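Open the model in your viewer and keep the selection box handy. Each stop below says what to select next and what is there.

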Amino acid sequence: MIANPLLGVLFHWLGGLASASFYVPYRGVKRWSWEIYWLTGGIFSWLLAPWLFASIRTHDLLGVMAQVPSNVVGLCVLFGVLWGFGGLTYGLTMRYLGLSLGMAVVLGLCTVFGTLIPPLVRGTFAQTLLGSTSGKIILLGLLMTLAGIVVVALAGARKDADLSPDQKAEAVAEFDFKKGIAVAVFSGIMSACFAFGLAAGEPIKALSAAAGTGPLWTGLPALCLVMFGGLITNGIWCGYLIVKNRTAGQWLGQGELGQTDDADLRPPLLANWLLCALAGTAWYFQFFFYTMGESQMGKFGFSSWTLHMASIIIFGTLWGFAFKEWKDARPAVRNMVWSGVALLVGATVVIGYGNMLGG
C-alpha cells in the first residue's frame with residue numbers, strides 16, 4: 001500500500017478527537033466513586049474493545065498472537081503497565097486542572113518523550129530527521145507542536161493566576177494547581193511508554209500482514225497486549241481503592257453510604273454503565289485511529305506520536321471552552337490559548353507535508 005500522509009493526518013485528528021472527548025461522558029456519571037467508574041470504563045478501554053475490534057479486522061487473530069515471540073509479548077505488556085501509571089494519573093490530572101490545562105501539560109511531556117526516544121534508541125534519529133529535507137520539515141513540525149503546547153500551558157497558568165478561588169472551583173470543581181501539575185508531570189512521562197510499547201510490537205505487524213490482514217489494521221493486535229498492561233496497573237490500584245473505600249456495592253446500586261432504600265442516594269445504574277462504556281470505548285478509539293494513521297505515514301511513522309498529541313490538545317482545548325473553563329479569563333489570555341491552538345493545527349499540516357515529501 002502506498003502511504004498517504006494527508007489521510008494519516010485525518011486519522012490522527014479522529015484519534016485526537018476520541019481521546020480529548022473520552023472524559024466527557026464520565027462527567028455525567030452520578031453517585032459512583034472515582035475508582036468504580038474509572039475501572040468500569042477501563043474494562044471497555046483496555047480489554048473488551050481492543051480484542052473485539054482486533055478480532056473483526058485481523059485475519060486469524062488468535063493464530064497471529066500464537067506466533068508472537070515471548071520477549072515481544074513481555075515488552076508490550078511491560079510498557080503497557082508503565083503506560084497504565086500515566087493513564088491512571090491522567091484522569092486525576094483532569095480532576096485537578098481541567099481539560100485544557102491538564103491536557104497541555106501531560107501531553108507536552110508525552111510528545112517529547114514518545115516522539116524522540118524511539119528513533120534515538122534505534123540510532124536512526126540523525127538519519128531520519130537531520131539527513132533529508134522531509135525529515136527537517138517534520139522536525140520543524142515537532143518544534144511547532146512544542147511551541148503550541150507551551151503557549152497553551154502558559155495561557156492556562158495565567159488564567160489560573162487571574163481567577164479567584166470561587167471562580168476556579170466553578171470551572172473545575174476539584175481544582176488544585178500544585179497537586180495537578182505534579183500529577184501531570186508524572187502522567188506525561190509515563191504516558192509516553194505507550195509509544196515504546198507500539199515500537200516493541202512492530203514484529204506483530206509483520207505477522208499480521210503475513211496472515212492476510214489489510215495494511216490499515218496490522219497494528220491492532222499489538223494494542224491488545226499494550227492495553228492489557230494498562231489494565232493490570234489500573235485494575236490493581238482501583239481494586240485497592242474499592243476494598244479500602246468499600247465501594248464495590250455501587251456496581252449493584254448501593255449509594256455512597258451503602259444505602260439502597262433511598263432513591264436519591266442510589267446511582268442510576270443503566271445510565272452509569274452506558275456512560276462508562278461510551279467513555280472507555282472512546283479512549284480505545286484514539287489508538288484504533290492512531291494505528292490507522294501511523295500506517296499512512298511512511299518511513300517517518302514515529303512522527304505519528306506528535307500528530308496524535310497535537311490533535312488531542314486541539315480538541316481538548318475546544319472542550320475546555322465548551323465547558324466554560326475559560327469564560328472568566330481575560331481576552332488577552334483567551335487570545336493566547338487560541339494562538340497556541342493555531343500553532344498546533346499548523347504543526348499537523350507541516351508534519352503531514354514533510355511525510356508526503358518523504359514518500
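**Stop 1: a salt-bridge network**

Select K205 and E202 in this predicted model. Both sit in helix α11 (residues 202–210), 3 residues apart, so about one helical turn separates them. An α-helix has 3.6 residues a turn, so residues three or four places apart point the same way. Now show the side chains. K205 and E202 form a salt bridge, with their closest N and O atoms 3.3 Å apart. E202 is partly exposed, at 37% relative accessible area.

Add E294 to the selection. K205 forms a salt bridge with E294 as well, and here the closest N and O atoms are 3.0 Å apart. This pair links distant parts of the chain: K205 is in helix α11 and E294 is in helix α13 (residues 269–294), 89 residues apart. Is E294 buried or exposed? E294 is buried, with a relative accessible area of 14%; the cut-off for buried is under 20%. Together, E202, K205 and E294 make up a network of salt bridges. The count of salt bridges comes to 2.

**Stop 2: S208, further along the helix**

Stay on α11 and select S208. Its relative accessibility is 0%, so S208 counts as buried. Which residues does S208 contact, leaving aside neighbours within four places in sequence? They are T58, V64, T213, T218 and P221.

**Stop 3: aromatic rings**

Next, display the Phe, Tyr and Trp rings. The structure holds 30 aromatic pairs. Zoom in on Y26 and Y37. Their ring centres are 5.0 Å apart and their planes meet at 40 degrees, so the pair is tilted. Y26 lies in the loop between α1 (5–21) and α2 (34–57), while Y37 lies in helix α2, so the pair ties together parts 11 residues apart in sequence. Y26 is buried, at 5% relative accessible area. Y37 also counts as buried, at 11%.

Widen the selection to F22, Y23, Y26, W34, Y37, W38, W46, W83, F194, W283 and F287. These residues form one aromatic cluster.

**Stop 4: a glycine in α2**

Select G41, in helix α2. How accessible is G41? Its relative accessibility is 0%, so G41 counts as buried. Not counting residues up to four places away in sequence, G41 touches Y26, C276 and G280. Y26 is also one of the residues in the aromatic cluster. Now measure from G41 to F22, C-alpha to C-alpha. They are 9.7 Å apart in space and 19 residues apart in sequence.

**Stop 5: a charge over a ring**

Select R27 and F323. The charged end of R27 sits over the ring of F323, 3.8 Å from the ring centre.

**Stop 6: helix α14**

Select residues 304–322, which are helix α14. How far apart are its end C-alpha atoms? They are 27 Å apart, which agrees with the 27 Å expected for 19 residues at 1.5 Å a residue. Colour the helix by accessibility. α14 is mostly covered, with 15 of its 19 residues buried.

Step just past the end of α14 to K324. There, K324 takes a positive phi of about 60 degrees.

**Stop 7: more positive phi values**

Most residues other than glycine have a negative phi. Two further stops go the other way. Select R31, in the loop between α1 and α2. R31 has a positive phi, near 60 degrees, and is not a glycine. R31 is partly exposed, with a relative accessible area of 30%.

Then select D60, in the loop between α2 and α3 (61–67). D60 is not a glycine either, yet its phi is positive, at about 60 degrees. D60 is partly exposed, with a relative accessible area of 47%.

**Stop 8: cysteines**

Finally, select the cysteines. How many disulfides does a search of the whole structure find? The search finds 0. Look at C76 and C238. C76 is buried, with a relative accessible area of 0%. C238 counts as buried too, at 0% relative accessibility.

Technical notes
Residues numbered from 1 in each chain as written. Predicted model: local features only at pLDDT ≥ 70, side-chain atom pairs only at ≥ 80, totals over all residues. Heavy atoms only, no water. Helix = DSSP H or I, 4+ residues; strand = E, 2+ residues; numbered from the N terminus. Expected span 1.5 Å × (residues − 1). Buried < 20%, exposed > 50% of the residue type's maximum accessible area, 1.4 Å probe, protein only. Salt bridge = Lys/Arg side-chain N within 4 Å of Asp/Glu carboxyl O. Phe/Tyr/Trp six-rings, centres within 6.5 Å; stacked < 30°, edge-to-face > 60°. Lys NZ or Arg CZ within 6 Å of the ring centre and 35° of its normal. Contact = heavy atoms within 4.5 Å. Disulfide = S-S within 2.5 Å.
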